[in-house]
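Me: I have a chain open here and want a quick walk through it. Can we start with how far to trust the model?

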Amino acid sequence: MVAIYSFKTGSESIHAVIKPVFFITNLIKKPISMDKRLLDILVCPLCKSALHYEAKNHELICKADRLAYPIRDDIPVMLVDEARSLSADEVFSN
Ligand SMILES: [Zn+2]
């Protein structure tokens, strides 16, 4: 099983196919729910802007698109089709 993630590297975005074990090994070393460094480089696949981690629902939020990307089994699911649309209230409360 692999997943496609977008990362920001300077001014360009690249797409990488990564085995989710990458995330799992990071999370075992750091038992916080999301690796901070990973969150720093993960971007929204739609608009390429930075994501905000929402601990309450365990989701990655893109405020620009009002989408919440789920984190399933500690693996961020960076697919627009899988993302949940946020209400205005949810966007502003984050
Ligand atoms: Zn976005």
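**Confidence first**

Reply: This is a predicted model. Confidence in the protein chain is lowest in helix 1 (residues 21-29), at a mean of 50, and highest in strand 7, at 96. Over residues 28-32 the pLDDT is below 50. That stretch has one contact in the model beyond near neighbours in sequence.

Me: What should I do with low pLDDT parts?

Reply: Where pLDDT is low, the predicted coordinates should not be read in detail.

Me: And what is the mean pLDDT of the protein chain?

Reply: The mean is 75, and 60% of the residues reach 70 or more.

Me: OK, layout. How many helices and strands are there?

Reply: Three helices and seven strands. From the N terminus on, the order is β-β-α-α-β-β-β-β-β-α.

Me: What share of the residues is buried?

Reply: Of the 94 residues, 19% count as buried. As for long-range contacts, take those with a separation of 6 or more: residues 24 or more positions apart account for 30% of them.

Me: Let's do the strands. Which way do strand 4 and strand 5 pair?

Reply: Antiparallel, over four bridges. Strand 4 covers residues 59-62 and strand 5 covers residues 67-72. One pair to look at is Cys62 with its bridge partner Leu67 in strand 5.

Me: What sits between those two strands?

Reply: Four residues, in a hairpin. Arg66 is in that loop, and its phi is positive, near 55°.

Me: Why would I care about a positive phi?

Reply: Most residues other than glycine have a negative phi. Arg66 goes the other way.

Me: Is Arg66 buried or exposed?

Reply: Partly exposed, because 15 other C-beta atoms lie within 10 Å.

Me: Where else do I find a positive phi?

Reply: Try His58, with a phi near 55°. His58 is in the loop between strand 3 (52-54) and strand 4. His58 is partly exposed too, with 15 other C-beta atoms within 10 Å. Asp73 is another case, with a positive phi of about 50°.

Me: Which hairpin holds Asp73?

Reply: The one formed by strand 5 and strand 6, with two residues between them. Those strands pair in the antiparallel sense over two bridges, and strand 6 covers residues 75-76. Arg72 has Ile75 as its bridge partner in strand 6.

Me: What about strand 5 and strand 7?

Reply: Also antiparallel, over two bridges. Strand 7 is residues 84-85. There, Arg84 is the bridge partner of Ala68.

Me: So what does Ser85 do?

Reply: Ser85 is in strand 7. Leaving aside neighbours within four places in sequence, Ser85 is in contact with Arg66 and Leu67. The C-alpha atoms of Ser85 and Ala68 are separated by 6.3 Å, with the two positions 17 residues apart along the chain.

Me: Is Ser85 buried or exposed?

Reply: Exposed, because Ser85 has 9 other C-beta atoms within 10 Å. The exposed cut-off is 12 or fewer.

Me: Switching to the inside. Which residues make up the largest nonpolar core?

Reply: Twelve residues in all: Leu42, Cys44, Leu51, Leu60, Ile61, Cys62, Leu67, Ala68, Tyr69, Met78, Ala83 and Leu86. Strand 4 and strand 5 each supply at least two residues of this core.

Me: Pick one. Where is Leu51?

Reply: In the loop between helix 2 (36-41) and strand 3. Leu51 is buried, because 23 other C-beta atoms lie within 10 Å. The cut-off for buried is 20 or more.

Me: Which residues does Leu51 touch?

Reply: Leu39, Leu42, Val43, Cys44, Leu60, Ile61 and Cys62, not counting residues up to four places away in sequence. Leu51 and Ala64 are 13 residues apart along the chain, and their C-alpha atoms are separated by 9.5 Å.

Me: Last one. Where is Phe92, and is Phe92 buried or exposed?

Reply: Phe92 is in helix 3 (residues 88-93). Phe92 is exposed, because 9 other C-beta atoms lie within 10 Å.

Me: How far is Phe92 from Lys63?

Reply: They are 8.6 Å apart in space, C-alpha to C-alpha, and 29 residues apart in sequence.

Methods: Residues numbered from 1 in each chain as written. Predicted model: local features only at pLDDT ≥ 70, side-chain atom pairs only at ≥ 80, totals over all residues. Pairing = 2+ DSSP bridges. Core = buried A, V, L, I, M, F, W, Y, C linked by C-beta atoms within 7 Å. Contact = placed C-beta atoms within 7 Å. pLDDT = per-residue confidence, 0-100.
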